[in-house]
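Hi,

Here's the structure I promised to pass on. Have a look at it first, then read my notes underneath.

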Amino acid sequence: MCGIVGINGSTDVCFDLLAGLKRLEYRGYDSAGIATLCNKAFFRKRAEGKLINLERKVKERPLPGTIGIGHTRWATHGEPTANNAHPHQGKHVALVHNGIIENHEALRESLNQVVFQSETDSEVIVHLLDAYLDRGYDSIAAIRATLQQLRGSYALAILFKNAPDTLVGVCSGSPLVIGYGKEGRLFLASDIFAFANYCESVTYLEDGDWAELENSAVTIYSHKNACPVVRSRTPVADVAHQTTKGAYRHFMLKEIMEQPQVLKDTLAKYTSLCSFTAQADLWKNVSGLSIVACGTSFYAGCVARYWFEKIARLMVAVDIASEYRYRHPALSSDSCALFISQSGETADTLAAARFTKKEGIYCAGLVNVAESSLARGVDQILQTYAGLEIGVASTKTFTAQLAVLASFVVEVASLREVISMEEQASLRKDLHMLPHLIEETLEMQESLQKLAPRFERVKAVLYLGRGALYPVALEGALKLKEISYIHAEGYAAGELKHGPIALVDNKIPVIVLAPHDALFEKILSNVQEVLARKGQVIFFTDSDGASALGTLAERIRVYVLPKAPSFLAPIVYTIPLQLLAYYVATFKGTDVDQPRNLAKSVTVE
Ligand code: G6P
């Protein structure tokens, strides 16, 4: 959340800063700004709203300078106005910040001589640095003294007037990466995606590091001992092809359509027993599993709980990361924890993982970004191979998470010897049908596009599911809310009568997920309850389910999905809900890839 860029080069940087911000726009898009340093003077442009507004301003009058910083903002402290946009600038420094300074109020009070220009927490850092520089500290000493006063999480990129060749990056609780480009050009970014095309290799700063990028050379210090430290450099994978929409109107639709290939690529990594872990004994004897995540990743964890308990006979608790560590969970020393985060940078999930590690519990992380902070902090990495996801609403990374979790469940069940060799082989065979099943399910695209206009005036939608389809109902409702701004609730179908049925009238669409499985008849009773109150039922089922409906089919709108093994139904039934949300949103004309108020990666607690 909030994207940071910085460049130190030998040619003007202002348009490259904008290009870097463009690629980070998914991290926040309510305002943006850049600043450069040239002949010991700062040049700065900031604009409210999408990056395009800043681009217009910069094109009118480009900024001079071969060193600069930029920021795309997701507002926390202070409204998204140009004035609150970064970079913030003082007498001696200009800086951009990602994260939250928790003690900013106290620091503001301590700086009572200063006239603040913005309502942000970030501005205090500018004035602290300025105050130390005024007192004669050099830039290194000023940074050290300032960092000691800050509490919270932050990544910073800083320019100093008195050190015109130096770009400084600070990483504490929010990610920051250094990129090494051609001809000694150096980059800083909160996500390497910003500059991957310009960089040959990168260094991920560790928590507590800060770095000086000066004249093609990088020196990294650690907060703890203030001594230079050595951090490894890794080559950059080619991500260029992942950054365009191709023939698609939106990244979200492209990413939905990529799912068969993503699942093929992901499952290919987990074909055999022990694909996951050398820690066979640990997973064999584990007494319970805590799954912790946020947003869509949390719903993936909720689906996995059904699988772990039913197939691997393992007790699972699933928590929202922002609740987990504050509820003082009673963790047993022979249990394990699994943190799910596509970005691997979600602040609440990272904090939960740190807390659990401190408790001495073995931690695994399921991530899509192998170099992410979460991946670097856990004992074991499970990875999805979904490629870059740019649409803010997660689609392909969710189904990839489910595919990995399903494979992992089969492995854990085998290690725990709770399923036979035949059962194991049959589940694995099912899993490998998945890409084909998803391809077939995507053929519903046209019929769901035709359904979308019916949601034009709808104020609320209910999604119902049972068993492992219940979290899919939650995820379906979240997708619709996120991108179409229609209020939607997911419910366990059996819970309908305990409250939400009061919402049902002849205007509310009730989406029912009903594969023909052991719970099919139960869910039909819930459909009858809705129909008795004149609700509009949209019923997703398979061919057997459709045949079993009898005359009920005349009173509801039925959509038939390919017949899937019940183990895989949660993944298959996710697809029409993604497509429906997408087409409702495009019909309503919302900003599908960058819905209002959201950000792809939420790096504040
Ligand atoms: C944000 C995104 C959601 C995402 C959630 C968790 O809220 O808008 O789409 O599910 O963060 O993200 P993570 O990267 O931890 O999976």
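Below is what turned up around the ligand and its pocket.

A quick heads-up: this is a predicted model, so local features need pLDDT of at least 70, side-chain atom pairs count only at pLDDT 80 or more, and totals for chains, interfaces and linings use all residues. Residues are numbered from 1 along each chain as its sequence is written, and side-chain values use heavy atoms, leaving out hydrogens and water.

The ligand has 14 residues around it (a heavy atom within 4 Å). Ser 297, Ser 341, Gln 342, Ser 343 and Thr 346 come nearest. Helix H9 (residues 295-311; a DSSP run of H or I, at least four residues) gives the largest share of that shell, three residues. By class, the shell has four nonpolar, eight polar (Gly is counted here) and two charged residues.

Now the polar contacts (N or O pairs within 3.5 Å). Oxygen atoms of the ligand lie 2.4 Å from a side-chain N or O atom of Thr 346 and 2.6 Å from one of Ser 343. There's also a ligand oxygen 3.4 Å from a polar backbone atom of Val 392. Taken alone, the ligand exposes 390 Å² (Shrake-Rupley, 1.4 Å probe), and the protein buries 91% of that.

Where does the ligand sit? Its space is the second largest pocket (more than half of its atoms within 2 Å of the pocket's grid points). A pocket here is an open set of points on a 1 Å grid over the protein atoms alone, where a 1.4 Å probe fits, with protein on both sides within 12 Å along at least five of seven lines. This one has a volume of about 650 Å³, the space filled by probe spheres set on the points.

Cheers

Methods. Polar contact = N/O pair within 3.5 Å; in protein donor to acceptor, adjacent residues only side chain to side chain. 1 Å grid on protein atoms, 1.4 Å probe; cavity = no way out; pocket = protein on both sides within 12 Å on 5 of 7 lines; lining within 4 Å. Helix = DSSP H or I, 4+ residues; strand = E, 2+ residues; numbered from the N terminus.
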